[in-house]
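Work through the exercises below with the coordinates open. Each task is followed by a solution in steps.

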Amino acid sequence: MGMTVGATAAAAGVSAKAIRLWESKGLLPPSERTESGYRVFTEDDLDVLRFIRQAKTLGLTLPEIKDIIDLQRDGATPCGRVTELLDTHITEIDRTLADLRALRRSLASARRAAREGQRRGQDAVVCRIIENHTDRDDSARTEG
């Protein structure tokens, strides 16, 4: 006999709400239902839920995880696709880290300039920290 959504959630280490969401997005096949309409999950469903949870800890998105699961369901070995996705995420993280390092340098420069301005007694319209800051790295600037 299958497990209820609550028991399955507890066994997989996820919430019942997550199971319902993942089922609605096609990551899980539609669950069997009891005569009274309750979802019933199998051990195979539990394995997929654990896989989804682990994939999310690697930063994979639900559409990416669905792509991987669909490849496996179609009989393909999805590890090549997983490697591509992980490489893409690593590249994105490296870019974000570079942007954050540039932002940190810019903030440190603004702080130094503010301290120097304070020592010289410079007046400000609102805040000399921002008014005196010059953006030396346009690639670090974001819109918004």
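Contact here means heavy atoms within 4.5 Å. The model is a predicted one.

**Exercise 1. Determine the surroundings of threonine 8 and decide whether it is buried or exposed.**

Step 1. Locate the residue: threonine 8 lies in helix α1.

Step 2. Set aside the neighbours within four places in sequence; threonine 8 then contacts Met3, Ile19, Phe41, Leu46 and Leu49.

Step 3. Apply the cut-off: buried means under 20% relative accessible area. Threonine 8 has 0% relative accessibility and therefore counts as buried.

Step 4. Compare with the chain as a whole, where 26% of the 144 residues count as buried.

**Exercise 2. Describe how α1 and α2 are arranged relative to each other.**

Step 1. Two packed helices are described by the angle between their axes and the distance between the axes.

Step 2. For helix α1 (residues 5-12) and helix α2 (residues 16-24), the angle is about 100 degrees and the axes are 8 Å apart.

Step 3. Angles of 65 to 115 degrees count as roughly perpendicular. The helices α1 and α2 are therefore roughly perpendicular to each other.

Step 4. List the residues that meet: Val5, Thr8 and Ala9 from α1, and Ala16, Ile19 and Arg20 from α2. By class, this contact has four nonpolar, one polar and one charged residues.

**Exercise 3. Do the same for α4 and α5, and give the handedness of the crossing.**

Step 1. The axes of helix α4 (residues 62-73) and helix α5 (residues 79-120) come within 10 Å and cross at roughly 165 degrees.

Step 2. Angles over 145 degrees count as roughly antiparallel, and α4 and α5 are therefore roughly antiparallel to each other.

Step 3. The crossing in which α4 passes α5 is right-handed.

Step 4. On the α4 side, Glu64, Asp67, Ile68 and Leu71 take part, and they meet Arg81, Val82, Leu85 and His89 of α5. Sorted by class, the contact of α4 with α5 has four nonpolar, one polar and three charged residues.

**Exercise 4. Which residues does the "coiled-coil region" annotation cover, and what is the helix content of that span?**

Step 1. According to the unreviewed UniProt entry, the annotation covers residues 93-120.

Step 2. In the model, residues 93-120 are 100% helix and 0% strand, and the end C-alpha atoms lie 40 Å apart.

**Exercise 5. Write down the order of secondary-structure elements along the chain.**

Step 1. Count the elements: the chain has six helices and two strands.

Step 2. Read along the sequence, they give the pattern α-α-β-β-α-α-α-α.

Terms used. Residues are numbered from 1 along each chain as its sequence is written. This is a predicted model: local features need pLDDT of at least 70, side-chain atom pairs count only at pLDDT 80 or more; totals for chains, interfaces and linings use all residues. Side-chain values use heavy atoms; hydrogens and water are left out. Axes are lines fitted to C-alpha atoms, for helices over the stretch in contact, and angles run from 0 to 180 degrees between N-to-C directions. Helices (H or I, at least four residues) and strands (E, at least two) are DSSP runs, numbered from the N terminus. Angles under 35 degrees count as roughly parallel, over 145 as roughly antiparallel, 65 to 115 as roughly perpendicular and the rest as oblique. A crossing is left-handed if the near helix is turned anticlockwise from the far one by less than a right angle, and right-handed if clockwise. Ala, Val, Leu, Ile, Met, Phe, Trp, Tyr, Cys and Pro count as nonpolar, Asp, Glu, Lys and Arg as charged, and the others, Gly among them, as polar. UniProt positions are given in the numbering used here, feature names are shortened, and annotations may be inferred rather than shown by experiment. Buried means under 20% relative accessible area, exposed over 50%, partly exposed in between (1.4 Å probe, protein chains only).
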